[in-house]
Amino acid sequence: MVLYKRKPIVLPDPKPLPPNIDVFVWHIDETGEWFQTYEEYLERLDFYTRHHFTCEITGASCLTFFEALDSEESQFKYVEEKFPLKLREPVARYLHFNTVRRLDGLVEKVYSKFKTDFFPGETVYLRKNKDNNENSTTSSQQGTPQPPSLSQSNSSTSLSDSHPHYQRPYIIKEKVQFNAIVNPVTKEVIAPGHAKYMLVEDESPNTNASSVPNKSFVADESQIYRDRSTFTKHLIKCFFKITLQRASTKMGAPWCVKPEYLQMYGLTMDWPIELLRFKDDEPTKEPAPVKNKSQMDENDTNSKNGNFSTIDFEDSSVTPSSFYNDSMKGHPSDETTKKSKNGRKRKDKSNNESSPEDEEDGMSSKSNKKRRMDTGSEMITESELDSRASSNAPEVSTPVVLRSIVNDMDIPYRGKPTAFLSDLSYYNKALECVPLMSEKTLNKSTLPNFDKLLQIYQFVNTFNEKLCISYFNFDQFITTLKCTDPLESQGEVVNVTLLNEKNSNDKDEMNDIESQWQRNPKIRKMIGDKNIIDKDLKYTITSDEPAADDIIDNFNSNGSGLIIEIFVALLRLFINENGDWKIVIMEEWIPEPITIHEQELGVTPKGIHDVKNEVNSEVSQEEPSSNDAVTNNAKQENQATKQNGTADGESIETNNDEKPLADKEASKPKEVLEDIEIINDDDDDESTETDEEFETLLDRILNFRNQEWTERLTKRQFNNGNWLIILLGIFEDSLAVPKYTEFLTYFKKTIITKDISMTQLPKALWRNFCRNFSIQEKITALWVLVDIISNFSPDIKNAIEASMEMCMHIRSDRFKIFKDIKAETTALSAIDKENDPEAFAAKEAQLQKLQDDKTDLDKKLMENDFQRLKPLGMDRYCNRYFWFDLTGVPNNSFSGDESEYHNGRLWVRGPNIHCIKKFLKLEEEQIARWTQVCEVEGNIIATKNVFGVYRTENGSYNFIDPISKEETELVSEEGQVNKSVNLTPIQRKIIDETPECLLLDHNKWYYIENNEYLDSFIEWLDIWGRREHDLLRQFKPIIERLKDVISIRNQCQQVELNEKELDYVKEFEEYTLSANELNVEKSTNTDDSTSQAEKEEDNELDEIDNKLERIVDEIMNLDDGSKTRKVLNAISELENKRDLLLEKKEELLAGSGPGGRIVARAEKNRIRHSRDNKLTRQGEILSSLINLRHFNDIDNVISWKNQTSIEAFGSELRKNANKAKRGSQRKK
């Protein structure tokens, strides 16, 4: 079996033929695969031609799939032709349950044991008389008769030239074993044990046996020998690789013959008593029921109807047993196996024909070769599967105990867990931490391409020494990204209004747009509950006004300094301080290939310049017409639009609602079309002129103040926004890369506006960067730099090579220490038996020192491993798990008061399309339809419509048959599984993950941030499932450190309300409105003793007071500004209005009744004033409370300093840090 990354790979089963077979397809002869599209064919062929494969028999690595397959076939054929058939069974019996651990040592033992040991049926040759006389031993006490023709055998010319020394071949007819002769008194061996063999001449057609009488004679082992080419150490080792496997998964387990060869050699898996300690432990969990024949047939049908099986070769940890069912199903006999595997072809067509002896041995069959795999942990044989499939058992038969690791989906379903994904969280498009169950009816809309964000963060922290940047945690990275948004830096405002207040400003209420942010869910829920409890008040959370220019420009105090430091650290790698380019990007790229259909239409291939021109025209069409200046209201609307998600920046697209131009033109008269052509020609001329003007403006920006951007980069002039000029230069130089062209063109068109100020160009670029780009677009800009550097930077390449060399030495030292630990453990056990306390204590201390050394080496290995991060493994539903503290980051021991962490959570990523098709048995059309419905109507509706599974109101899960529309209960309200139904993999996944949290997209990332849930999740994993068994094995060495990291992050993030938040809550309660304050308006309106005229008079006085307050506010605002003639006239008019209102108020008060009404009115005004002050203070307290954590995170980012750059250059990178500056500071 060909190995891929040391794991067996099984070729896919043939796909079902399409309805119309009269079509052209692309075909891979070696595997029998065919493809209807050239892209699929190239993708598969590209995988097969990678040098990642290994020949299982020879162990040769770094081969392509075809080279490894040819190597295995040639070696397999070589073993079939050369290795004696009659020798295989004795060798196999000797190897079965053999305890020699090293394979090379076992080869030596077998070679020395069987070199002079022969068996009936073998072909041997006689040694010459001279050799017999010289090499004869005392084992034969009597002479051995020689055949009459022996003296003539050397001169015979009729023998086949293929035999060495032209010797005649003989067949061993019988074998007699003689025991050693031992002196009973002295116990001295007089004659060692030996064997004698009866030989007859070989009557095969290729020997000239008719010229010599067919006689038999007797010889001993010293007089006969095998053909040297049939018994070599290489042949023995190849036979081992084909036949042997480890008997169990325990360390030190003996070798055993593979299950498919047990019956062939008459062996069984009955363990010797002395080796029972190496046998796999029996599970203590609930026994698994056996599937009946109908269920097995259904599983086979489902697996055959799916597309061909593939592995997630990039980042999945697929193990041999994950292909167990595919490799073992449907072969009750060799004949049926050959039929079912006929789709797998080979280059050498003659190999398909085998001799009768080969068929008897069963090792030359191609189907058996496909089934050869490492099934060391799987003890279920073919005969057991056949007996289960043919038994007439009831629907659920007597349960059996699992004794081996099997495919995860073969383990019977045991009911829904108490919690699986429901307690997890995720980042939405605004990069806010949101619990999964906060929006039960909505789609879990995560940030598109969230993996890019993780790649950037891991890359910068891994190569921080090359980048000259200090470590920062993931939460700081998220916060500094959000600080570039003018709305994020201002936070939210909580408005508290009185519902029955008549004089409320309706205009202000119309402008209050509720915030769409979801951060700080506990405080947000508390404020929402206030609307239910206090029915007289309304609490509204709105976004504050966008930050002003002075706040945006002060990046050292607004939290955006870290993201600028990251940009600058990446830009420094392109050109060094000597002006030499370190990263050179190719300017010419291969044109995009065209399809056969395009060739028939006469379409010419597009070069990179054509692509750039198309993208430029698309982006220019998307941009609105430029005005003189953008008002603050327009900026606010733009930011509000981004916040609401209407411009999430997921992709740069034109308006899809408009019809194509061809459709529009087809519906118009000819005269109109002529007019349109003339107009289009004018538009093309205008667009050309616009592009020329933009390129001129871009050239002026890149050479701002007569200094080229490359010179700025060489001199390290990054301060005050100059780094954006350098960034534009890098992006302009990278436009030739096709995958960057579209975004880079959009970037420069967006950041450079036509009305940009050239006097303060760096600041204007920085403001446009903050206001005009969404968070996703800023991440993409950063990712482009990271991708270019990771592909073209020699510094990164050298760092990776140095890391690999360092890791190699660490692994070597760790292996030596591991051997010393094993030796010391054995010695410690021996001392323990001798009952020597002092020696035992000394040896135990020495062993502990070795363990500490091994732990230190493990930490060093994690810190110096810069290779691509791989997942820890997959669960039964193919969700992959990542922990970003495993590679290239500091691995310090934690204490109780630790406040530093790296990522602080365990990430869960959805399955990719290959795993969904192979393990969950779904088609791409189903996933596409589920995703489409999910975006519009949410997860619950999409799951019900596409998969027919939904949760009822009482908590049970039902399935709706798509054809008959009949409902079947899958799991009851109590969690009991319907035993009459065989749940499919996707039904299991829906029940376990719940329809709300169903994870079927590899672009979605959830994370675990709670140790209690982490424990319950690990408890949920089944050790008898292949994928989860490997995942648990990966968790074992890191689980304690993972829990420490999660605890430290929770301590820093303060999951529960902190003291300051509790103080705000207490202060808020102090400003609770009294009953008089709430009912001051109601009591006035319901007072029967007051006449109607008096009520109208009071209302008029209230209205005058409100107008006076507004006039005073307007006068103060105008007075604070510049004193122009227009402003002075406006102030004069307001003062006149104020005087008129005051006179009118005095008249009303003078004409009012007794003094009691005046006192009552004064009291009512006092209550109103007190109420308004309390409402204002409530809004301030709640605003501070909801923004507290966000502003604390911003303060945390502001306090971050790039100590690495400060120590190396004397200042941070964004402050023009360079070696010359450091040298001048040292001189001072």
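A salt bridge, as I use the term today, is a side-chain nitrogen of Lys or Arg within 4 Å of a carboxyl oxygen of Asp or Glu. With that in hand, the first thing to show you is a group of four residues, Asp-475, Arg-905, Glu-1009 and Arg-1049, which are linked in a network of salt bridges. Please keep in mind throughout that what you see above is a predicted model, and that a search of the whole structure finds 45 salt bridges, of which I will discuss just a few.

Let me step back to the chain as a whole. Its secondary structure comes to 48 helices and 25 strands, and of its 1228 residues 46% count as buried. The chain exposes about 64,500 Å², and carbon and sulfur atoms supply 50% of that area. If we take the contacts between residues at least 6 apart in sequence, 72% of them join residues at least 24 apart.

Two pairs of residues illustrate how positions that are separated in sequence stand in space. Trp-1024 sits in the loop between helix H38, residues 1011–1020, and helix H39, residues 1026–1035, and it counts as buried because its relative accessible area is 11%. Its C-alpha atom is separated by 7.9 Å from that of Ile-411, although the two residues are 613 apart along the chain. The second pair is Ala-548 and Gln-490, which are 58 residues apart in sequence and whose C-alpha atoms are 9.6 Å apart in space. Ala-548 belongs to the loop between strand E18, residues 537–543, and helix H20, and with a relative accessible area of 39% it is partly exposed.

That brings us to helix H20 itself and back to the salt bridges. Which residue forms a salt bridge with Asp-549? The partner is Arg-767, with the closest N and O atoms 3.7 Å apart. This pair links distant parts of the chain, since Asp-549 lies in helix H20, residues 549–553, while Arg-767 lies in helix H30, residues 761–772, and the two are 218 residues apart. Their surroundings can be described separately: Asp-549 is partly exposed, at 27% relative accessible area, whereas Arg-767, at 19%, counts as buried, and it does so because the cut-off for buried is under 20%.

Another salt bridge joins Asp-858 to Arg-814, and here the closest N and O atoms are 3.0 Å apart. Asp-858 is in helix H33, residues 837–864, and Arg-814 is in helix H32, residues 794–834, so the pair ties together parts that are 44 residues apart in sequence. Both partners are partly exposed, with relative accessibility of 22% for Asp-858 and 26% for Arg-814.

A further example is Glu-924 with Lys-917, where the closest N and O atoms are 3.3 Å apart. Glu-924 is partly exposed at 42% relative accessibility, while Lys-917, at 17%, counts as buried.

Charge also appears at the surface in another form, for Lys-5, Arg-6, Lys-7 and Lys-870 gather there in a patch of positive charge. Of these, Lys-7 lies in strand E2, residues 7–8, and at 30% relative accessibility it counts as partly exposed.

Now to the interior, and to helix H7, which covers residues 233–243. Which residues of this helix are buried? They are Leu-235, Ile-236, Cys-238, Phe-239, Phe-240, Ile-242 and Thr-243. The elements that cover them include helices H2 (65–82), H3 (85–95), H4 (103–114) and H8 (259–262), together with strands E13 (244–246) and E14 (255–257).

I will finish with the backbone. Most residues other than glycine have a negative phi. Cys-878, however, has a positive phi of about 70° although it is not a glycine. It is found in the loop between strand E19, residues 873–874, and strand E20, residues 880–882, and it is buried, with a relative accessible area of 0%. Asn-1216, likewise not a glycine, has a positive phi of about 60°. Its place is in the loop between helix H47, residues 1203–1209, and helix H48, residues 1219–1227, and at 24% relative accessibility Asn-1216 counts as partly exposed.

Note on methods. Residues numbered from 1 in each chain as written. Predicted model: local features only at pLDDT ≥ 70, side-chain atom pairs only at ≥ 80, totals over all residues. Heavy atoms only, no water. Buried < 20%, exposed > 50% of the residue type's maximum accessible area, 1.4 Å probe, protein only. Helix = DSSP H or I, 4+ residues; strand = E, 2+ residues; numbered from the N terminus. Contact = heavy atoms within 4.5 Å. Patch = residues over 30% accessible without salt bridge, like charges linked within 9 Å, V, L, I, M, F, W, Y side chains within 5 Å. Areas by Shrake-Rupley, 256 points an atom, 1.4 Å probe, with all protein chains shown as cover. Lys, Arg positive; Asp, Glu negative; His and termini not counted. Charge placed at Lys NZ, Arg CZ, Asp CG, Glu CD.
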